Amino acid sequence: MADSSKGKKKKTTDDATGGDAPKDWNPRIVGFLCNWCSYTGADLAGVSRLQYTPEFIPIRVMCSGSVDVAYILKALLEGADGVLIGGCHLGDCHYLNGNYKARRRVAVVKEVMEGVGLDPRRLHLEWISASESGKFAKTVSTFDETLRQLGPNPLAKERLL
Amino acid sequence: MPGLRKVDRLKKLLLLLPCDEEMEKLLDTRSLAEEMDDPENWVFARSDPRLCGPDRSDYIADLVKETEAQAIIVGGPSDRTHGSVWRQEASFVGIPPDRVELVPLVQQCVYVTDEKDAARRRAKIMIESALARVDTGIDRAVERVKAMQAVLVIGGGVAGMQAAWDLADFGRQVYLVERTGELGGRAHQLSRTYPTQDCKPDGCCPQSCRDCQFTPRIDLVTSHPLIELLLESEVKSIKGGIGGYQIEVHSPEVSRLLEVGAIVVATGNVMFDAEEMGELSPWHPDVISFLELEKLIDWQRKEDHAWAPLRRPSDGKVPKNIHFLQCVGSRDEHHGTIDCSLVCCTYAVGQAKDLKDMLPDATVAIHYMDMRGPYRGFERHYLEAQESGVLFMRGRVVEIEPDNGNLILSYEDIDIGEPVTMEADLVVLSVGQLPTPGTAELAQMLGVPLDEDGYIGEDNTTYSLWDRRGVYVVGCAAGPRGIRYSVRDGREAALSIDAVLRRVQIELADNIAEVDDERCVGCGQCVESCEYDAKTLEERTDLQTGRKYRDAIVEPRRCWGCGNCHATCPSTAISLSGFSDDQLVRQVEIASGGHR
Ligand SMILES: Cc1cc2nc3c(=O)[nH]c(=O)nc-3n(C[C@H](O)[C@H](O)[C@H](O)COP(=O)(O)OP(=O)(O)OC[C@H]3O[C@@H](n4cnc5c(N)ncnc54)[C@H](O)[C@@H]3O)c2cc1C
Ligand code: SF4
Ligand code: SF4
Ligand code: FES
C-alpha cells in the first residue's frame, strides 16, 4: 500500500465540520495521473465501462514525481475535497525514480496538512499500472468513500463564507 | 533564458467528435458544442460527422481558415492513443504540437457514470481545463539543434557489425568500439548455427554460420574506409544528447574524444555460469556447457581432425552416453533468469543431431521442460533430430552425482510422473543468458533505463524513446535472440539513425525543461533530482557588479521531459513546456472548484 496514513483520531478542523455535509454534496477529487501508467489505466477503465464518481477530475502529468507540492496544496485550498496521485509501481517509473520522489513529497504534504487541521487522508497516493483499470476504478471509489466520511473540505467552506 | 515568454490568449478550435455512436447516446456532442461555442472569448466549438469521415483534413483546414484558430482541442479520444494522430492532423494546418490538446471523453468521462447530467458537467470541466492549458502555455518555438553526422557503435558482434557497415555504406563516419581484440562476438565462436538448410539448392540458408558469414563480413567492416575500428577499447564517459554526443573512449595507448550524433548499443550478452548450481556438479570435467562442447566439436570439424572421434575431457574416452540439460539458469526463479533464453533449444537440438551423426552408436538425449523454437524452420530441425535418433525426455534434472568415473542423473520424468536415475558419461549444460557486465554503468552514462531483467531493453513501438534519445539497442544487448534477428536489428537501427540524422537540424521533443534565470538561485537541487544528468550548474559573472553566481542550465538534447526537476525547485524557476506552472495551476483551479 502506497498510502501510509492511518487516519489517527485527532482533533482537526475536519473533525469539527465533517458531519454536516449538504444533501447534494459529492466529494470533488483532483487526480494527478502519470502519463505512462495511471493515465492509461484510467483510459482502460473507461473503455472497460468501469464506473466511478464523476466528480473525479483527471489531470495528466508526465510523472508522479513532477507533481509539485504547490499543486496539491492549491487544489485543497481551491476547495477540492481530496487529491489523488497515481503513479507507476515502484521500479516501473518511466523516469527511473520519479515515484520514489512523489512518495517522499506526499509524506511531507501529509504532515503539513495535519499541521493546518486537514485530515491527511484527503491526499492519497496509489501505484496503478496501465493495465490495472480495475484497481484504478476501485481506488477512486474507495477514496470517494473515505471523503464522504470526512465530509466537505473545511477550507472550501471557509472560502464560501 | 531571461523570463519565459507566455503565450497570449489563443483562438481555439474545439472539435467534439461525434464518432462514437454509443457515446452520443450518453453525451450529445452537438448540443455541447453549441453550448461551448463562444466566439467572443475565442472558443470556436464544432461537432460534425465530417470530423469522423475521410474528408476530415479538408474540413479542418476550412475551419481553421474560417476561425483563424491557433490551437486545436479535441474532445473524444485520449492523448495516449490518439495524441500523435491529432498532432499530425494539426501539423497539416500549421498548428504546432504543443497547441493540441485531447480531452478523453470516451475513455475517461462518458462511461464513468450512468447520470447523463453528471457526465456532461464533467465533460465541460475537462474541456475547460484543456482550453486553459492552451492559453497558459509557454511560447516555445520548436527547438532545433544541429546534428553531428558520425555514429558510435559499441560492440562488434553481428548486430554491431551490421549497423556499422550499413551506416558507413550510407556515407556516415562510424566509430566501432569493441572491448576484445577481434570482431564477431558470440556467433563467431559457433562453428555452426541452426536451423541451417545446408545450402540446399532450393533456397539460400537464412543462418549465418561462421565460415559462410564471418570471413566476408569482418572483411567488409575492417576494410571500409568510413569505419574506424577501435579494438580493445572501452567507452569511459558519455556527455550530451541526441545529435551531439561527446564520447570519451580509452584504447590501449590512447584516449580519444569522439563527437557523434547517435549511438548504437550492440554489447551482446553473456552466458550464465553454472558454478552456483552445486547440485549439478559443474566442477566435474565431464559436466560442460554447450559452448565447451562447441570447442570440442569445432576441433573435430577442422579438416585435419575429421577422422578423430570426439573425446570427453576427463580421460579422453569416446563418450557413449551424452545427456543435454536444457534451461540451466533459464526459466528458473532461483538461478540465472526467469526468462527463456530463446536460442538454447535450437542450438542444443542442432548439437545433439551433429553428435549423433558423429557417434552413431552413442546415446544422445535431451532433458527439457518444453521444446521452444521461436524460428521458422525449427520444427523441421527438431523432427530431423528425432529421426536421427536423438532421445527427448521431458523433466528437469535436479542432481548430478559423479560415480565411478561416470555421472548419475536424478530427475523426475514428467511423462511417466516418477523419479528416475540414469547414467551418463558426458553432460552438456544448455546454460541461459544474462546481461553483459557493465550494462548498468553504460545505461547510466547513456541516461536510459534498464528493464526488470537488467537489459537496456526494447524500444516502445508506439512512442519511440530511442529516436528521442538517439540511442539504439540492438541484438542480444536488448535480450536473447537468434542471429538473423540480431542482424536485422542492426540494419533497422542504421536505417532509423540515418532517417533522424539526415535532417541535419533535429527537432527536439516538445516537453523539455527550461530554467528561468531570473528566478533560479543556483541551489542545485534540480541537478540532484535529474536522473539523466541533463542539468548542471553554470558559473556566471554579473557584468555590472562583477559578482559571481551560479545558475542551472538544461542540456535540451538530454532532457527526457519528466518534470522531476520542476517539482524539486524551491524557486519555481523551472518549467516543463507543455506542463508549465501556469498551466497546471489553472487546471488545478478548474478541477478543484468547477462545481461550486
Ligand atoms: C551458445 C549459443 C548458441 C547460439 N546458437 C544460435 C543458433 O544456433 N542460431 C542463432 O540464430 N543464434 C544462436 N545464438 C545467438 C547468437 O549468438 C546471437 O544472436 C548473436 O551472437 C548476437 O549478436 P550480438 O552482436 O548482439 O552480440 P554478441 O555476439 O554477443 O557481440 C557483442 C560484442 O560486444 C562486445 N562488447 C560487450 N560489451 C562491450 C562494451 N562495453 N564495449 C565494447 N564492446 C563490448 C563483445 O566483446 C562482443 O564482441 C546462440 C547464442 C549462444 C550463446
Ligand atoms: S532548483 Fe531551481 S533555483 Fe535551484 S538551481 Fe535548479 S533551477 Fe535554480
Ligand atoms: S525534466 Fe527530467 S530529464 Fe529534464 S532536466 Fe528535468 S529532471 Fe532532468
Ligand atoms: S512515469 Fe509514472 S510515476 Fe514516473
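Is C344(B) buried or exposed? Here are a few friendly notes on the cysteines, bearing in mind that this is a predicted model.

1. To take the opening question first: C344(B) is buried, and its relative accessible area is 7%. C344(B) takes part in no disulfide. Its nearest cysteine sulfur belongs to C340(B) and lies 6.2 Å away, whereas a disulfide calls for sulfur atoms within 2.5 Å.

2. Over all chains, the structure holds one disulfide. The partners are C19(B) and C52(B), with 2.1 Å between their sulfur atoms. You may like to look at the geometry too: the torsion about this S-S bond is about -85°, so the disulfide is left-handed.

3. Now for where the bond sits in chain B. C19(B) is found in the loop between β1 (12-16) and α1 (21-26), while C52(B) is in the loop between β2 (43-46) and α3 (56-67), so the disulfide ties together parts that are 33 residues apart in sequence.

4. On solvent exposure, both ends of the bond deserve a glance. C19(B) has a relative accessibility of 40% and therefore counts as partly exposed. C52(B), with a relative accessible area of 36%, is partly exposed as well.

5. One further cysteine to check is C109(B), which is in no disulfide. The nearest cysteine sulfur to C109(B) is that of C19(B), 16 Å away. C109(B) is buried, its relative accessible area being 0%.

Technical notes. Residues numbered from 1 in each chain as written. Chains lettered and ligands numbered in written order. Predicted model: local features only at pLDDT ≥ 70, side-chain atom pairs only at ≥ 80, totals over all residues. Heavy atoms only, no water. Helix = DSSP H or I, 4+ residues; strand = E, 2+ residues; numbered from the N terminus. Buried < 20%, exposed > 50% of the residue type's maximum accessible area, 1.4 Å probe, protein only.
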